[in-house]
Amino acid sequence: MTVLVAYGSRYGATRAIAERLGETLRAAGLDADVREATARLDARPYDAFVVGSAAYRGSWLRGPVEFVRRHADLLAERPVWLFSSGPLGHARRDDRGRDLLELTRPAEFVELRDTLAPQDLRVFYGALEPGRLRPLDRLIRRLPSGRRWLPAGDFRDWEEIDAWARGIADRLQGTADRSQGA
Ligand SMILES: Cc1cc2nc3c(=O)[nH]c(=O)nc-3n(C[C@H](O)[C@H](O)[C@H](O)COP(=O)(O)O)c2cc1C
């Protein structure tokens with residue numbers, strides 16, 4: 001059972017989540033490759049997929065979007081998990097009491113829930129280092145909404161990320177055992 005962890009990342013925070021997922025899947029006994037998601041990335045060698053992206057202005061980056069759309073037929077036949085990295089800060093709810101993990105679900109989750117029927121769709125808190133931002137991102141961050149919702153810092157919850165990966169491994173190993181008649 002070989003798993004592909006494919007990610008889109010602008011500044012590295014989501015790449016590190018993908019690498020951690022890959023490490024945890026391997027520690028659980030699966031083969032796992034971690035690759036940047038692009039339209040050209042070959043999906044055929046893999047039995048299962050974990051695909052994720054950083055969210056920018058409500059959407060995934062282009063690489064993972066192109067990857068899942070190009071390979072939608074193949075992915076729809078195999079187990080797929082989706083994740084997004086985005087919300088920043090320690091707040092769990094906005095001023096109106098709405099759950100930030102719900103609010104920051106990327107636009108693509110709606111489409112991909114239908115086309116891929118994923119096993120799970122998960123939003124993780126992300127990280128932001130202001131000194132590394134491109135000029136346009138720096139500008140957006142200076143707007144009032146950016147100052148409010150894009151605080152600097154590392155808010156990734158590694159225990160939650162590890163637990164999610166262990167859950168994926170459990171599901172896949174259960175599937176593999178059953179298909180081998182165990
Ligand atoms: C300009 C800008 C816009 C962002 N827009 C969103 C957004 O719409 N939703 C969200 O959840 N996070 C948003 N974020 C936060 C990033 O998704 C978060 O920092 C993420 O962990 C970055 O991952 P990366 O380093 O892999 O690109 C934004 C960050 C910046 C700088």
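**Where the ligand sits**

The ligand sits in the largest pocket. Keep in mind that this is a predicted model.

Let's start with the elements around it. Those that give two or more residues to the shell around the ligand are α1 (13-27), β3 (48-56), β7 (127-128) and α6 (135-142). Which of them gives the most? That is β3, with 3 residues.

Now the residues. In total, 23 residues surround the ligand. The closest are Ser9, Thr14, Ala55, Tyr56 and Gly58. What is the make-up of that shell by class? There are 12 nonpolar residues, 8 polar ones and 3 charged ones.

Next, the polar contacts. I have three to show you, and each involves a backbone atom of the protein and an oxygen atom of the ligand. At glycine 58, a backbone N or O atom lies 2.7 Å from a ligand oxygen. At arginine 10, a polar backbone atom is 2.8 Å from an oxygen of the ligand. At glycine 12, the distance from a polar backbone atom to a ligand oxygen is 3.2 Å.

How much of the ligand does the protein cover? On its own, the ligand has 640 Å² of accessible area, and the protein covers 93% of that.

Last, the wider chain. An unreviewed UniProt entry annotates residues 3-169 as "domain: Flavodoxin-like". Over those residues, the chain is 41% helix and 23% strand. The end C-alpha atoms of that stretch are 10 Å apart.

That's the tour.

Note on methods:
Residues are numbered from 1 along each chain as its sequence is written. This is a predicted model: local features need pLDDT of at least 70, side-chain atom pairs count only at pLDDT 80 or more; totals for chains, interfaces and linings use all residues. Side-chain values use heavy atoms; hydrogens and water are left out. UniProt positions are given in the numbering used here, feature names are shortened, and annotations may be inferred rather than shown by experiment. Helices (H or I, at least four residues) and strands (E, at least two) are DSSP runs, numbered from the N terminus. A residue is near a molecule or strand if one of its heavy atoms lies within 4 Å of it. A polar contact is a pair of N or O atoms within 3.5 Å; within protein, one must be able to donate a hydrogen and the other to accept it, and residues adjacent in sequence count only if both atoms are side-chain atoms. Accessible areas come from the Shrake-Rupley method with a 1.4 Å probe; for residues, only the protein chains shown count as cover. On a 1 Å grid over the protein atoms alone, a cavity is a set of points where a 1.4 Å probe fits but cannot get out, and a pocket is an open set with protein on both sides within 12 Å along at least five of seven lines; lining residues have an atom within 4 Å of a point. A molecule sits in a cavity or pocket if more than half of its atoms lie within 2 Å of its grid points. Ala, Val, Leu, Ile, Met, Phe, Trp, Tyr, Cys and Pro count as nonpolar, Asp, Glu, Lys and Arg as charged, and the others, Gly among them, as polar.
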